[in-house]
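Student: Could you take me through this structure slowly, and explain the terms as they come up?

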Amino acid sequence: MPVSLGAVFILLGLFQVKHMFADYFLQTPKMLCGRGEYWHLGRAQHAGVHVLGSILVFMIVGAPPLFVAIIVALEWIVHFHIDFGKASYSEKRKLNPTQAIFWRAAGFDQCLHQLTYIAMAWLWVVYAH
């Protein structure tokens, strides 16, 4: 049975709520400082929070466990690297919130995360529903 457009919008909406909590409410000081280092434990933990949220989202929509395991492993890798890219770029240029380029970097980071959720939803439609 084909997936309904409503189900896709619900999935994307759940990802939005998950992202808001993981990025803005559940980050600890350890996750936020020193992010320009590549092997940053705080960034790894932050990406893990996103993964836990995505597992919950996929459980809500009844995605198969193997699908979820593969997708969230990929999400962890992608999220870790998107955040590293923004942190590295921002630190090298000594960006701060008073500069427009700081907000462009933040916006680009958020855009990449949103495109990740679109890709995850597409994979759910094609392979898990």
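**Helices, core and pocket**

Tutor: This is a predicted model, in which local features need pLDDT of at least 70 and side-chain atom pairs count only at pLDDT 80 or more, while totals for chains, interfaces and linings use all residues. Residues are numbered from 1 along each chain as its sequence is written, and side-chain values use heavy atoms, with hydrogens and water left out.

Student: How do you know that the span of α1 agrees with its number of residues?

Tutor: Helices are DSSP runs (H or I, at least four residues), numbered from the N terminus, and the expected span is 1.5 Å times one less than the number of residues. For the 21 residues of α1 that gives 30 Å, and the end C-alpha atoms are 29 Å apart, so the two agree. For α3, with 20 residues, 28 Å is expected and the end C-alpha atoms are 29 Å apart, which agrees as well.

Student: What puts the buried residues of α1 on the same side?

Tutor: Buried means under 20% relative accessible area, exposed means over 50%, and partly exposed lies in between (1.4 Å probe, protein chains only). In α1 the buried residues are Val 8, Leu 11, Phe 15, Lys 18, His 19, Ala 22 and Asp 23. They cover an arc of only 110 degrees around the axis, taken from the directions from the helix axis to the C-beta atoms, and therefore they are on the same side of α1. The face turned away from that buried side carries the exposed residues Phe 9, Ile 10, Tyr 24 and Phe 25.

Student: Which helices do the buried residues of α1 pack against?

Tutor: They pack against α3, α4 and α5, where contact means heavy atoms within 4.5 Å. The buried residues of α3 pack against α1, α2 (29-32), α4 and α5.

Student: What makes a set of residues a nonpolar core?

Tutor: The members are buried Ala, Val, Leu, Ile, Met, Phe, Trp, Tyr and Cys residues joined through side-chain atoms within 4.5 Å. Of the 16 residues in the largest such core, Leu 11, Phe 15, Phe 58, Phe 67 and Trp 124 touch the most other members. At least two residues each come from α1 (5-25), α3 (41-60), α4 (65-92) and α5 (100-128), and α5 gives the most, with 5 residues.

Student: Which residues is Phe 67 in contact with, leaving aside its neighbours within four places in sequence?

Tutor: Phe 67 is in contact with Phe 58, Met 120, Leu 123, Trp 124, Tyr 127 and Ala 128.
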